[in-house]
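Q: Please take a close look at the part where the two chains meet, and then at the residues and charged pairs around it. Plain wording will do.

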There are 2 protein chains.
Amino acid sequence: MKNIYDLPTPALVIDAAALEKNLATMAAALPGSRLRPHVKAHKCTELAKRQRAHGHTTFACATMREVLGMAAAGLGDDLLLANEVLDASPLSGIDARVTLAVDSDETVVAAANAGIREVLIDVNVGLPRCGCPPKKAGRLADFARSRGLTVRGVMGYEGHAVTIKNRFVRRLLCAWSMRTLRRAHADVGGDTVSAGGTGTYAHNDTATEIQAGSYALMDNAYAKYGFPFERAAFVLATVISTNGHYAVANAGLKCFGMDHGKPTIDNGRVWIVSDEHTTFTSRAKTYVGDLVRLWPSHIDPTVAYHERAFVIDGENVVDEWPIDLRGW
Amino acid sequence: MKNIYDLPTPALVIDAAALEKNLATMAAALPGSRLRPHVKAHKCTELAKRQRAHGHTTFACATMREVLGMAAAGLGDDLLLANEVLDASPLSGIDARVTLAVDSDETVVAAANAGIREVLIDVNVGLPRCGCPPKKAGRLADFARSRGLTVRGVMGYEGHAVTIKNRFVRRLLCAWSMRTLRRAHADVGGDTVSAGGTGTYAHNDTATEIQAGSYALMDNAYAKYGFPFERAAFVLATVISTNGHYAVANAGLKCFGMDHGKPTIDNGRVWIVSDEHTTFTSRAKTYVGDLVRLWPSHIDPTVAYHERAFVIDGENVVDEWPIDLRGW
C-alpha cells in the first residue's frame, strides 16, 4: 500500500474518515432526496458515488460538463442543472433524467429546443445573481408549460445568507428569502422547492430539498461557522527551501482558489502565495523535504485546479479519484 | 471558419494580433537567448512555438510537467526548471537539455541522482521565497561540482521589485538585488546570470537572460505599469441572466485566478464573482445571450484553469491551442 510520503507533490488529498463522517452526519440530518448534493464543490464522480451510498440519488450540477459526466458515471437518476444555459444542445439525448433551471423566456426556449422535458423556475430570492423576479415566476411557468415542459417547481438560492456570520441575521435573511420563494411557488406549482446550501441546511424548513455541496470536503471559510462537518481535503506539499526564518512549500496559486483568502497551515502562518510556492513560518522546526498540509480557504475553486485527488486512511493512500467533472 | 459567436462559453480566448505584437516587441528588446520565455504564464506549447518563431530557443519552466511537455513538443533545446525539486526522477532520461535550479545540498543531490547534468545556483536576492543565502552560493557551487554537475551560473529572481508601482523604487530594488546576484556570481562562476521578469525586463542590465512570461498574454495587474505590451487574453462569457439592474455572465471563480482581484469588463463594473457566475453592471444595455469579454487580473493562475485556448483574428476563430502544460 502506498504511503502519503510516496505521493508526488503538490497533491490534493482527501481524508477518507473525515469525508465519511461528513457524509454520514448530513445523511442523518437530510436523508435521501431531502438532500440534493451539489457536485460543483468536488467535481468528482467517485465522491458522488459515496454520497449515493449514503442514500442520496438526486444531484445538483453547475455546468453541462458536470451533468454529462454524472450521467456517464451512472449517476443520472435525477440531475438538476441548477444554472441557466442558452444552448442546452450538448444535453440532447442524454441517458439521464435532467431538469434545467430557467429564469427567462430565452432559457425556457433553450431547454425545449434541446429536448429537455423538465424545468425548475429559478427565482431570485435576494442574491444578486440569476433567478427571475418573484412576481414573474408564475408567468414564466405558464410559458414553460406552453412549450411542452413539465414544471417541477421552484428553485431559489439564498447565497447572500449563507456567508453571514451572525447566526440570527443568517436565519432571518434565510427566512425572508424562503418567504419570497414560497410565494413564487404558490404561483408556479409543482412538488419541488429546491434551495439552500451548507450554510443554511439546518434551518431552511421551506425547501423540499437542500442543494449542499461544501459539507463533504469543507474549507477554512465554512469551518468558521461551527457546522458539524470537518475539513476533509488539503493540499499536500513538500518543503523545497528553508532559510531559518521561513520555509517554502511547492504548492501555490495554481493549487488554491484564492477568493476567500490564502490557504492556512497548522502551527504556523502562511505569508506569501505565488504561482508554485507558499512561503510560511512554523512554530515547528522545518526541514527541506518535510511534508506539510495546506488547508484551502475555498474548496470549490481549489478542487477545479486538480486532475485527481488521493484518498488517505491515516497515512496510507487507499485510493485515487479523478476530478473528472472539470471544465466546460 | 468558426466565429467567436460559435464558441462554447466560458472560453479562454487569445487575440492573435495582440499576442503577435507582444512577442515581436519583446523579441526586438531582448532578441534570441537574451530572453528565456517563462512558460508558466501560458502553459501552452503552441504559444511557446510562436515564441520560438521569434527567435527564442531557451525556455524557463516552473514544474516538471512543464519541462516534460516542452520536451515532448520538440522545444527541449535548453530548458531551465527555475524551481527546486527534491525528486527529479521524472526527468531522468528526458530527450532535452535540462538545467535545474538548486539552492541546497538536498536539491543538488536530487539533481545528481536523477542524472541531470547542469544546474544554476538559485540565489536569494530579496524575495522571500527560494534561493540560497548569497554568501553560501560559492560553497553550493563547489558541492554541485563535487557531485559531477556542471554549474552554468546563477539565478536570482527580484520578484519583490517586479510589482512595485513607483518606477524609481522598482529600479532601485532591482539594482540592489542584481548587485547581490553579481557578487554571488563572482563566487559561483559560469556564463549565465538568469533573472528578471516582465516587470524588470527593460532595466535589468545584469542578467544575461531575462525570464519573462507575462509579457505574452499580459493581465490587468501588469497592464497598469505602462509596459509596451497589451492584454492579449480574456475569458469570453455569455450573459445568461439580466434584470434591468445588473447582468450575470457564465464565467466565475473556476475561470479566473483571483489573487490579484476580480476580472474586469470594458464599459462596466464587476461586482460579484461566484463559482460559475460573474455579476456585473454595464453602461451599455445588456441582453440575455450577449457575449462579454472578462479580463483576468492575473494571467498565470487563470490559464491554469482552462484546458484549451481559442485563438481569434478579429471575430474569426483561427486556431485552438491545448493548455497542455497544466498539473504536476
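A: The answer below starts with the interface and then turns to single residues and salt bridges.

This is a predicted model, in which local features need pLDDT of at least 70, side-chain atom pairs count only at pLDDT 80 or more, and totals for chains, interfaces and linings use all residues. Residues are numbered from 1 along each chain as its sequence is written, chains are lettered from A and ligands numbered from 1 in the order in which they are written, and side-chain values use heavy atoms, with hydrogens and water left out.

The size of an interface is often given as the accessible area lost when the parts come together. Here, chain B and chain A bury about 4,000 Å² between them, and 58% of it is on carbon and sulfur atoms. Buried area is the accessible area (1.4 Å probe) that two parts lose on being put together, summed over both. Of the area that chain B buries against chain A, 19% is supplied by R129(B), Y305(B) and W328(B), more than by any other three residues. In terms of contact (heavy atoms within 4.5 Å), 47 residues of chain B touch 47 residues of chain A.

The interface also holds polar atom pairs. A polar contact is a pair of N or O atoms within 3.5 Å; within protein, one must be able to donate a hydrogen and the other to accept it, and residues adjacent in sequence count only if both atoms are side-chain atoms. Between chain B and chain A, 24 residue pairs are in polar contact, both residues being at pLDDT 80 or more. On chain B, α4 (105-113), β10 (233-242), β13 (268-274), β14 (277-282) and α9 (299-303) each supply at least two residues of the side that touches chain A. The largest share, four residues, comes from β10(B). These helices (H or I, at least four residues) and strands (E, at least two) are DSSP runs, numbered from the N terminus.

There are five salt bridges between chain B and chain A. A salt bridge is a side-chain nitrogen of Lys or Arg within 4 Å of a carboxyl oxygen of Asp or Glu. D275(A) and K40(B) form a salt bridge through their side chains, at 2.6 Å from N to O.

Two residues give a closer view of where the chains touch. S274(B) belongs to strand β13 of chain B, and its side chain makes a polar contact of 2.9 Å with the side chain of R129(A). Apart from neighbours within four places in sequence, S274(B) is in contact with R129(A), G252(B) and L253(B). S274(B) has a relative accessible area of 13% and so is buried; buried means under 20% relative accessible area, exposed over 50%, and partly exposed in between (1.4 Å probe, protein chains only).

The other residue, H298(A), sits in the loop between β15 (291-295) and α9 (299-303) of chain A. H298(A) counts as buried because its relative accessibility is 9%. Its side chain makes a polar contact with that of D259(A), at 2.9 Å. With neighbours within four places in sequence left aside, the contacts of H298(A) include L253(B) and D275(B) from chain B, and D219(A) and H260(A) from chain A.

Charged pairs occur within the chains too, and the structure holds 33 salt bridges over all chains. One of them joins the side chains of R50(A) and D319(A), at 3.8 Å from N to O. R50(A) lies in helix α2 (residues 45-53) of chain A and D319(A) in strand β17 (residues 316-322) of chain A, so this pair ties together parts that are 269 residues apart in sequence. R50(A) counts as partly exposed at 27% relative accessibility, and D319(A) counts as partly exposed at 31%.

In chain B, E230(B) forms a salt bridge with K21(B), where the closest N and O atoms are 3.1 Å apart. E230(B) is in the loop between α8 (220-223) and β10 of chain B and K21(B) is in helix α1 (residues 16-29) of chain B, so this pair ties together parts that are 209 residues apart in sequence. In chain A, salt bridges that share partners join R36(A), D78(A), R97(A), E118(A), R152(A) and E209(A) into one network.

Another chain A pair is D142(A) and R145(A), whose closest N and O atoms are 3.5 Å apart in a salt bridge. These two are separated by about one helical turn, because D142(A) and R145(A) are three residues apart in helix α5 (residues 137-146) of chain A.
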